[in-house]
Amino acid sequence: MPETLDPDTRETTLATLFDGGWKLLEGRDALHKVFTFKDFSEAFGWMTRVALMAEKMDHHPEWSNVYKTVEVTLTSHDVGGLSERDVKMAQAMDEIG
């Protein structure tokens, strides 16, 4: 069972994600980022690759897509906040994107 990020890990790990454009979502213990692509096909292709990875990780993002923009929110509902799974998912999304 995952646990929420401990304070030391949280500070160092999240700092790197913040450098990559991730932000804490106000009012929730969640990460948020907007990905912008060249067009809808590129955005949808990225979402497909992320969806396959999310299935393997058994950790699924909250997201929405409008044309070439994908908004993503990551949190671990089963622990009520951010966990290592969210960090790994954010890092993987950045690598794929």
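Colleague: In which helix does F40 lie?

Modeller: In this predicted model, F40 lies in helix α2, which spans residues 40-57.

Colleague: Why is F40 called partly exposed?

Modeller: The relative accessible area of F40 is 39%. Partly exposed covers the range between under 20%, which is buried, and over 50%, which is exposed. The value of 39% falls in between, so F40 is partly exposed.

Colleague: What makes the nonpolar surface patch that includes F40?

Modeller: F40, F44, V66 and Y67 make this patch, with an area of about 440 Å². A residue needs over 30% relative accessible area to be part of a patch; F40, at 39%, therefore meets that requirement.

Colleague: How do you know that strands β3 and β4 pair?

Modeller: Five bridges join β3, residues 62-66, to β4. Pairing requires at least two bridges, so the two strands count as paired. The strands run antiparallel, and W63 stands opposite V72 in β4.

Colleague: Which residue takes a positive phi in the hairpin of β3 and β4?

Modeller: Y67 does, with a phi near 50°; the hairpin has two residues between its strands. Y67 is also one of the residues of the nonpolar patch.

Colleague: Why is S83 called buried?

Modeller: Its relative accessible area is 0%. Buried means under 20%, so S83 qualifies. S83 lies in the loop between β4 (69-74) and α3 (84-96). Leaving aside neighbours within four places in sequence, S83 is in contact with P2, E3, T4, L5 and S76.

Colleague: Is G20 buried, exposed or partly exposed, and what makes it so?

Modeller: G20 has a relative accessible area of 34%. That value lies between the limits of 20% and 50%, and G20 is therefore partly exposed. G20 is placed in the loop between α1 (7-19) and β1 (23-24). From G20 to Q91 the separation is 71 residues in sequence and 9.2 Å in space, C-alpha to C-alpha.

Colleague: Which residues touch the most other members of the largest nonpolar core?

Modeller: Of its 22 residues, these are W22, W46 and M93. The elements giving two or more residues to this core are α1, β2 (31-36), α2, β4 and α3; α2 gives the most, with six.

Colleague: What is W46 in contact with, beyond its neighbours within four places in sequence?

Modeller: W46 is in contact with F35, F37, W63, V70, V72, M93, I96 and G97. Among them, W63 and V72 are the residues that stand opposite each other in the pairing of β3 and β4, and M93 is, like W46, named among those touching the most other core members.

Conventions. Residues numbered from 1 in each chain as written. Predicted model: local features only at pLDDT ≥ 70, side-chain atom pairs only at ≥ 80, totals over all residues. Heavy atoms only, no water. Helix = DSSP H or I, 4+ residues; strand = E, 2+ residues; numbered from the N terminus. Buried < 20%, exposed > 50% of the residue type's maximum accessible area, 1.4 Å probe, protein only. Contact = heavy atoms within 4.5 Å. Patch = residues over 30% accessible without salt bridge, like charges linked within 9 Å, V, L, I, M, F, W, Y side chains within 5 Å. Areas by Shrake-Rupley, 256 points an atom, 1.4 Å probe, with all protein chains shown as cover. Salt bridge = Lys/Arg side-chain N within 4 Å of Asp/Glu carboxyl O. Core = buried A, V, L, I, M, F, W, Y, C linked by side-chain atoms within 4.5 Å.
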